[in-house]
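Visitor: Please take a close look at one part of this model and then place it in the whole. Which pieces pack together there?

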Amino acid sequence: MLNSLKNNLLVQYTAISFVVVLLFTLFLGTVISRKVTDHLIKTHTRVFPFVVHNIIGNHPEAYEFFQEPPGSTLPGTMERFLNELTEFGAIFRVKVWGPDGTILWSNDPTLVGQNFRDNANFLQAMLGEVETSVKLPQKAENQSEQGHGEVLEIYTPVTRGGQVVGVVELYESDRDLFIQIGKNARTVWEQVLSAGAVLYLLLFAIFFRSHRLQKKSTFQLIETQQVTISALAYQAEIHDLETGFHLDRTTRYLQILAEALAQRPEHKKILPPEVVSDMIKSSPLHDIGKVGVSDAILRKPGKLNEEEMREMQQHCEYGAAILKHAENKLSFQSFLSRAAELVLYHHEKWNGTGYPYGLKGEAIPLGARIMALADV
Ligand SMILES: [Fe+2]
Ligand SMILES: [Fe+2]
């Protein structure tokens, strides 16, 4: 059951294309929703660096503060501004970082003097870039920011004459922003997944149609092959005295014997379904060589004399030669090579008294042995 599923081209294609389209959709959804979120945050935070620069830029004494030891008194205007920032929007924490990663000032005084020089966002901001990150605050420096849920951290470098002198960091807990981020992501995923589903169905429809057409033409080809075999076999039979559906009956016997034998453990390997099917296809051809034997012999009512018998016996070799001739015209190995073997040896006998070679026992190919039994 599992094997036939594995061999079914349609099932294989359905599974493989599903996995490929799913992976592609997941990749696309992740990339686009990340880009949309980044864009929203960038738009949202664009104003903060301007605010910070304008205030500090207007008060040159503020730059001196970044060189002073932690806990030094903030210049008055800067302190007023930073305190006001915490009332601006959803900002709840402000940190002023010195260039070595020490917190010089914060609206949480317990942080002042602590050093977090390994903070990756801080280090990036010290290179002159505005850094943002959205997450649950979990870093070493975030003891006092937990409990606000997801927060947006904005690290703004403070520059003087092209040199970064420190960083102002703002923490924002903006519910509306996060709701919007969630909504946008949901919309992106809905659209990407719908597009993925449509793509998958389209691919499936195309494949299903071509698979059906291909199956139909394969079926027609097999049918044509069977009819050709029947016609060939009938051509030999028509000269013969054998009566009443001999070819049909022998084929049916061969099928019953071969299928029963194939069930036995010791024959399972040498009689796989494709070998049995080749044997069934070959069976009607077993006497095809009789086209080479004269009608007078074939239709002689009485016993054949020795010479006539010798000619009659040649039908095995004639038949094998006809099939080998046909096989040589093909560019692939077909059932004809098995058929030729079956035709050549189907009058051999287990005890060695058969013809054309007098082979004995297992020296006679298995297919020919089964054919001989069915024929008799
Ligand atoms: Fe025969
Ligand atoms: Fe026969």
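Guide: The buried residues of helix 15 (residues 366–375) pack against three partners: helix 8 (246–263), helix 10 (273–282) and helix 14 (336–345). Helices here are DSSP runs of H or I with at least four residues, strands are runs of E with at least two, and both are numbered from the N terminus. A contact needs two C-beta atoms, placed from the backbone, within 7 Å. This is a predicted model: local features need pLDDT of at least 70, side-chain atom pairs count only at pLDDT 80 or more, and totals for chains, interfaces and linings use all residues. Residues are numbered from 1 along each chain as its sequence is written, while chains are lettered from A and ligands numbered from 1 in the order in which they are written.

Start with burial. Seven of the ten residues in helix 15 are buried, so helix 15 is mostly covered. The cut-offs use other C-beta atoms within 10 Å of a residue's own, with C-beta placed from the backbone: 20 or more is buried, 12 or fewer is exposed, and anything in between is partly exposed. The buried set is Gly-367, Ala-368, Arg-369, Ile-370, Met-371, Ala-372 and Ala-374.

Now the pair of helix 8 and helix 15. Their axes come within 8 Å and cross at roughly 130°. That angle makes helix 8 oblique to helix 15. Axes are lines fitted to C-alpha atoms, for helices over the stretch in contact, and angles run from 0 to 180 degrees between N-to-C directions. Under 35 degrees counts as roughly parallel, over 145 as roughly antiparallel, 65 to 115 as roughly perpendicular, and the rest as oblique. From helix 8, the contact uses Thr-250, Tyr-253, Leu-254, Leu-257 and Ala-258; from helix 15, it uses Ile-370, Met-371, Leu-373, Ala-374 and Asp-375. An α-helix has 3.6 residues a turn, so residues three or four places apart point the same way. The crossing of helix 8 past helix 15 is right-handed. Handedness is right if the near helix is turned clockwise from the far one by less than a right angle, and left if anticlockwise.

Helix 8 also meets helix 10. Here the axes come within 9 Å and the crossing angle is roughly 165°. Helix 8 and helix 10 are therefore roughly antiparallel. Their crossing is right-handed. On the helix 8 side stand Thr-251, Leu-254, Gln-255, Ala-258, Glu-259 and Ala-262. On the helix 10 side stand Val-276, Met-279 and Ile-280. Leu-254 and Ala-258 of helix 8 appear in the contact with helix 15 and again in the contact with helix 10.

Next, helix 14. Nine of its ten residues are buried, and helix 14 is mostly covered. Among the buried residues are Leu-336, Arg-338, Glu-341 and Tyr-345. Their cover includes helix 10, helix 13 (315–328) and helix 15. Helix 13 packs on helix 14 at an angle of about 170°, with the axes 8 Å apart. The two are therefore roughly antiparallel. Helix 13 contributes residues including Cys-316, Gly-319, Ala-320 and Leu-323 to this contact. Helix 14 contributes residues including Leu-336, Ala-340, Val-343 and Leu-344.

The loop between helix 14 and helix 15 holds Pro-356. A cis peptide bond joins Tyr-355 to Pro-356, with omega about 5°.

Step back to the whole. The protein chain has 15 helices and five strands. Domain 3 covers 220–375, domain 2 covers 46–173, and domain 1 combines 2–37 with 182–206. These bounds come from an automatic or database domain assignment. The C-alpha centres of domain 1 and domain 2 lie 44 Å apart.

The overall shape is drawn out. Along its principal axes, the C-alpha trace spans about 135 × 35 × 35 Å. The radius of gyration, taken over C-alpha atoms, is 44 Å, whereas a compact globule of 376 residues would be near 21 Å. The globule rule is 2.2 Å times the number of residues to the power 0.38. Buried residues make up 26% of the 376.

Two residues of helix 7 (residues 175–237) are worth a look. Tyr-234 lies in helix 7. Tyr-234 is exposed, because 12 other C-beta atoms lie within 10 Å. Its C-alpha is 8.7 Å from that of Leu-285, 51 residues away along the chain. Phe-207 is in helix 7 too. Phe-207 counts as partly exposed, because it has 15 C-beta neighbours inside 10 Å. The C-alpha atoms of Phe-207 and Tyr-13 are separated by 8.2 Å, at 194 residues apart along the chain.
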